[in-house]
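Got the model open in your viewer? Here is a short tour, one selection at a time.

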Amino acid sequence: MQRSIQCPVCQHGFTSDAGTRCPGCGSDLTALVRLRQLPAACYNQALARHAAGDADGALEQASLAAALAPAWVEARVLLGKLLWAQGRQAAARDAWREARRRAPEDPTPVPPTDEPSPGRRFTWRPFARKR
């Protein structure tokens, strides 16, 4: 999820791959870059907490990722998977419907919102930031 950042000082656009200084004016934009990376950090923290057996912590972090990046389909898919794992199938389906509604052209596979099999297992994929 690489997003463009616009410098609030000179309005120059760049990606965080370029570092934390604006290439246009040299302003230190570390705080803005970190803020933009927060959804990915929450997503990865949700995966780590799930792997550690902290279901509530994983759900909290996935909810944050989805709230911070509303159009990020993968965050909502993860949220739905975590809800499903807790037995909250209706809420999981709602998360998946919302993922598709917010980004209908996104190619990320979204689980079906109809009646999936009760014993369905999901795969967990970490979000890797490009460096």
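Start by selecting Cys-7: with a relative accessibility of 0%, Cys-7 counts as buried (buried is under 20% relative accessible area, exposed is over 50% and partly exposed lies in between, using a 1.4 Å probe and protein chains only). Before going further, some housekeeping: this is a predicted model, where local features need pLDDT of at least 70, side-chain atom pairs count only at pLDDT 80 or more, and totals for chains, interfaces and linings use all residues. Residues are numbered from 1 along each chain as its sequence is written, and side-chain values use heavy atoms, with hydrogens and water left out.

Stay on Cys-7 and show the sulfurs. What is the closest cysteine sulfur to that of Cys-7? It belongs to Cys-22, at 3.7 Å, which is too far for a bond. A disulfide is a covalent bond between the sulfur atoms of two cysteines; here the cut-off is a pair of cysteine sulfur atoms within 2.5 Å. Searching the whole structure turns up zero disulfides. While you have cysteines on display, click Cys-42 too: it is buried, at 6% relative accessibility.

Now zoom out and colour by secondary structure. You should see four helices and two strands, in the order β-β-α-α-α-α from the N terminus. Helices (H or I, at least four residues) and strands (E, at least two) are DSSP runs, numbered from the N terminus. Of the protein's 131 residues, 36% count as buried. Switch to colouring by pLDDT, the predictor's confidence in each residue from 0 to 100. The mean for the protein is 83, with 81% of residues reaching 70 or more. Confidence is lowest in strand β2 (residues 13-15), at a mean of 81, and highest in α2, at 96.

Next, select Thr-30, which sits in helix α1 (residues 30-51). Thr-30 is partly exposed, its relative accessible area being 21%. Turn on side chains and you'll find a polar contact of 3.4 Å between those of Thr-30 and Thr-20. The term covers a pair of N or O atoms within 3.5 Å; within protein, one must be able to donate a hydrogen and the other to accept it, and residues adjacent in sequence count only if both atoms are side-chain atoms. Add Gly-19 as well: its C-alpha is 8.3 Å from that of Thr-30, and the two are eleven residues apart in sequence.

Then go for the rings. The whole structure holds two aromatic pairs. In one of them, Tyr-43 and Trp-72 have ring centres 5.0 Å apart and planes at 35°, so this pair is tilted. It links distant parts of the chain, with Tyr-43 in helix α1 and Trp-72 in the loop between α2 and α3, 29 residues apart. For the cut-offs, rings of Phe, Tyr and Trp (its six-membered ring) pair if their centres lie within 6.5 Å; planes under 30 degrees apart are stacked, over 60 edge-to-face and the rest tilted. Buried or exposed? Tyr-43 is buried at 5%, and Trp-72 is buried at 9%.

Last stop: select residues 73-85, helix α3. Twelve of its 13 residues are buried, so α3 is largely enclosed by the rest of the structure. Among the buried ones are Glu-74, Arg-76, Lys-81 and Trp-84. To see part of what covers them, show α1, α2 (55-68) and α4 (89-102). Finish on Gly-87, which follows α3 and has a positive phi, near 85°.

Methods
The expected span of a helix is 1.5 Å times one less than its number of residues. Contact means heavy atoms within 4.5 Å.
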